[in-house]
Amino acid sequence: MALLQITEPGGKSAPHERKFAVGIDLGTTNSLVATIKDGFPVVLADANGDVSQPSVVHYASNAIVVGREAKAQHEIDPHNTIVSVKRLMGRALSDLDTIAKHSSLRLCEDKGMVCVTSDHGVKNPIEISAVILQHLKTIAEQSADKSLEGAVITVPAYFDDAQRQATKDAASLAGIPVLRLLNEPTAAAVAYGLDQGKPGVYMVFDLGGGTFDVSILEFEEGVFTVLATGGDSALGGDDFDRAIMAHWQASIDGPLSPNDKASLANLAREAKESLSVSESCVIRFKGQSLSLDRETFARLIDGETQQMITIAQSVLIDAKLNSNDLNGVLMVGGSTRALAVQAAARNTFACPMLNDIDPDQVVALGAAIQADTLIGNKSANDALLLDVLPLSLGIETMGGLVEKIIERNSTIPTARAQEFTTYQDNQTGMQFHVVQGERETVDHCRSLARFDLKGIPPMKAGSARVRVTFQVDADGLLSVNAQEAITGQSAEIVVKPSYGLSTDDMQSMLLEAFGHADEDMKTRALVEETVAGEQLLSMLETALEEDGEALLTVKEKDGLKQSIVILTQAIDAKDTARIKAAIEQLNEASHDFAAKRMDLAVKKALSGKRIDEVNDAKN
Amino acid sequence: MSLLEKDYFNLFDLPMGLDINVDELEARYKKLQRLVHPDRFSAKAECEKRLALQTSSYANQAYQTLKNPLSRAVYLLKLHGVSLNLENNAAMSPEFLMQQIQWRERLLSGDEGVKTEIHSAFNDAWACLKTAILEKDDERAAQCVAELSFIQKVLDA
């Protein structure tokens, strides 16, 4: 039967073949892509055999290069070479004071976002990141000789909504289907196989190039729970480089050109890396020799290491635990190679340090394992990862104060509904300003978006009951919807993100990216809708076979079958708009059936089993 | 009945009441999340993903509410149709408010012994709430919950 025939995008693979999914560590300094091969996670190499790709994009007037080639341009053409773009994600120009001072880039602002002026035009962080992601996608597809079907992309646990959304937007711009944004520490824990071992509590101490993350994870009863998370999204190994640069600059005569600064930055990084293996080092810079030893380096970064330990301890307090409760500390991120950092962690937390997986690769490897599960290559019996919201979400109230709607460290996904009323007769609109952060005034929190609520039915002041639901999904992304409680009418919401792209902006950027090839865009849309439609049909087919008899009346079944026919015909007609509409209709029609199936599955699993039986079953 | 229409106790198939087995709750919560979390549906149809998001969110909210004794009590009273006004100081007796101030002062001065005293006051109010619910005395139940909420605030401070 035609319904059961599933074709993959590109039409190459057979129905039962493994789907090609990858894990991507989109790092500040370097990025990696990994997948599962023969049952094991491996990082994928480019044609040169390199697994680690510099997160650098070079915009010349007539060409865009990325990775190693772009990094080579850093000293030659610093104005047009963008490094550490991750630090610009979801940020405004005013957020960047300290970093901008050290940057050789020409920064500007557009749509609230910090942007870079290059010889190739003004570039925003989302498109710059998309170039890096596109590069990783190409490496993965060439290495596997398959087209990519899904990716798990890692983000620092501490990333706020704007930063997460920017990452997701970059992926869709690069044409990568995102299975999930996964917190880097959680990915590391998966790579260490903590979910395969004994129950316990672990700290993930993750120090990358530009970000510092600490998470406390508990593994118990097949579920990974993030107990608490914290960090600083502007603290990392790059700060060590800057500390070294500042130290050297004191002894360098004369002012430095942007090119000098860029090459000094590279030398600082090399010096830092060499100190993990040798006692001291000497470098040559403009005819001068500059030296550095381990002790001096430790002293230079003492402020940063202390800051990290303080953050780590406060996360432990947030988790209501103390040092004795930890079963281990996972050292993650290339910057944990700095001996001073290791010593500080070892002296503070008296438990085993886990660092036998390459700290640069561990996050990508964990993401690959999770991607394999999420795309459906493995049975769903694996551990479940429950993440938390890193920063509280709130709305602005009178006098610039913040009313918290969802507290930080709440397990996600989560939803909170709040009722609002009108203060004027016949008022049909309302505005919400959503912010993220822990402080009590709007000025001290990050502005996320303004929501304009329109179409409230005209009523007397105070009699409308607008129920606004704030939904945070498993990626940590917020969406808002509103309904007038008395009439049941949905209100329209227009989102204006404070530091990023609205849906319209995204659409026009996508068009721009494919603008020169309008036909490609149309073909891509048809393929995407067809795949989605066929997936839906095949899933429904299975569902109907399994539970159709038990859960549906004859009438309900006939209704569903009708919608199925409409979708099948739309797919046969190769009409993108018709397929889309038919998918929506079928999704709507099968909602109750899906709900009944979920109820049944839960009932089977929960009913009558007390905890002693659950324990017995495990033993 | 759909999962989203069930009350929190019913959702985890636990007997409705003020005292619950918290270990049992946690085990059932995790079991439920393993079935309904959006990650279990990432390769599934849009309607199932949406449903998973809603159900998983609901389960998180239910678990958080039932895990904490005070929020569990408030929720239970709400199910019984008792409305509470926990922000209203005027409803509390002057003696009770005086006691709060004393506790706070002793806590600030580093008097560790006072914690035991506060905990036992919490337990007393809890016992009083239980009796009130048993006797279907809504007004008294509301009063006990208000006391519990004040005591909890001192403990959290």
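Guide: Helices here are DSSP runs of H or I with at least four residues, and strands are E runs of at least two, numbered from the N terminus. With that in hand, A:Pro413 can be placed in this predicted model: the residue lies in the loop between strand E22 (401-406) and strand E23 (414-420) of chain A.

Visitor: What makes the bond between A:Ile412 and A:Pro413 a cis peptide bond?

Guide: The value to look at is omega, which is about 5° for the peptide bond joining A:Ile412 and A:Pro413.

Visitor: Let's turn to helix packing. Why are H14(A) and H15(A) called roughly antiparallel?

Guide: Helix H14 (residues 554-572) and helix H15 (residues 576-589) of chain A cross at roughly 160°, and their axes come within 9 Å. Angles over 145 degrees count as roughly antiparallel, and therefore H14(A) and H15(A) belong in that class. The crossing in which H14(A) passes H15(A) is left-handed.

Visitor: Which residues of H14(A) and H15(A) make the contact?

Guide: From H14(A) they include A:Leu560, A:Ile564, A:Leu567 and A:Ile571, and from H15(A) they include A:Ile579, A:Ile583 and A:Leu586. By class, the residues in this contact of H14(A) with H15(A) are 11 nonpolar, 3 polar and 1 charged.

Visitor: What is notable about phi of A:Lys574?

Guide: Phi of A:Lys574 is near 55°, a positive value in a residue other than glycine. You will find A:Lys574 in the loop between H14 and H15 of chain A.

Visitor: Why does A:Lys574 count as exposed?

Guide: Exposed means over 50% relative accessible area. A:Lys574 has 61% relative accessibility, so this lysine counts as exposed.

Visitor: And what makes B:Asp13 partly exposed?

Guide: Partly exposed covers what lies between under 20% and over 50%. The relative accessible area of B:Asp13 is 31%, so this aspartate is placed in between. B:Asp13 sits in the loop between helix H1 (8-11) and helix H2 (22-36) of chain B, and its phi is near 55°, a positive value in a residue other than glycine.

Visitor: Back to chain A. Why are H3(A) and H4(A) called oblique?

Guide: Helix H3 (residues 125-144) and helix H4 (residues 161-173) of chain A pack at about 55°, with axes 8 Å apart. Roughly parallel would need an angle under 35 degrees and roughly perpendicular one of 65 to 115; H3(A) and H4(A) are therefore oblique to each other. Their crossing is right-handed. Among the residues that meet are A:Ile126, A:Ala130 and A:Leu133 in H3(A), and A:Ala166, A:Ala170 and A:Leu173 in H4(A). This contact of H3(A) with H4(A) has 7 nonpolar, 1 polar and 2 charged residues.

Visitor: How do you know whether chain A agrees with a compact globule?

Guide: For 619 residues, a compact globule would have a radius of gyration near 25 Å, and chain A has 26 Å, which agrees. The C-alpha trace of chain A spans about 85 × 65 × 50 Å along its principal axes. Chain A holds 17 helices and 28 strands, and buried residues make up 53% of its residues.

Visitor: How do you know whether chain B is compact or spread out?

Guide: Chain B has 7 helices and 0 strands. Its radius of gyration is 19 Å, well over the 15 Å that the globule rule gives for 157 residues, so chain B is more spread out than a compact globule. Its C-alpha atoms fill a box of roughly 60 × 35 × 25 Å along the principal axes, and 48% of the residues of chain B count as buried.

Technical notes. Residues are numbered from 1 along each chain as its sequence is written. Chains are lettered from A and ligands numbered from 1 in the order in which they are written. This is a predicted model: local features need pLDDT of at least 70, side-chain atom pairs count only at pLDDT 80 or more; totals for chains, interfaces and linings use all residues. Side-chain values use heavy atoms; hydrogens and water are left out. Axes are lines fitted to C-alpha atoms, for helices over the stretch in contact, and angles run from 0 to 180 degrees between N-to-C directions. A crossing is left-handed if the near helix is turned anticlockwise from the far one by less than a right angle, and right-handed if clockwise. Contact means heavy atoms within 4.5 Å. Ala, Val, Leu, Ile, Met, Phe, Trp, Tyr, Cys and Pro count as nonpolar, Asp, Glu, Lys and Arg as charged, and the others, Gly among them, as polar. The radius of gyration is taken over C-alpha atoms; the globule rule is 2.2 Å times the number of residues to the power 0.38. Buried means under 20% relative accessible area, exposed over 50%, partly exposed in between (1.4 Å probe, protein chains only).
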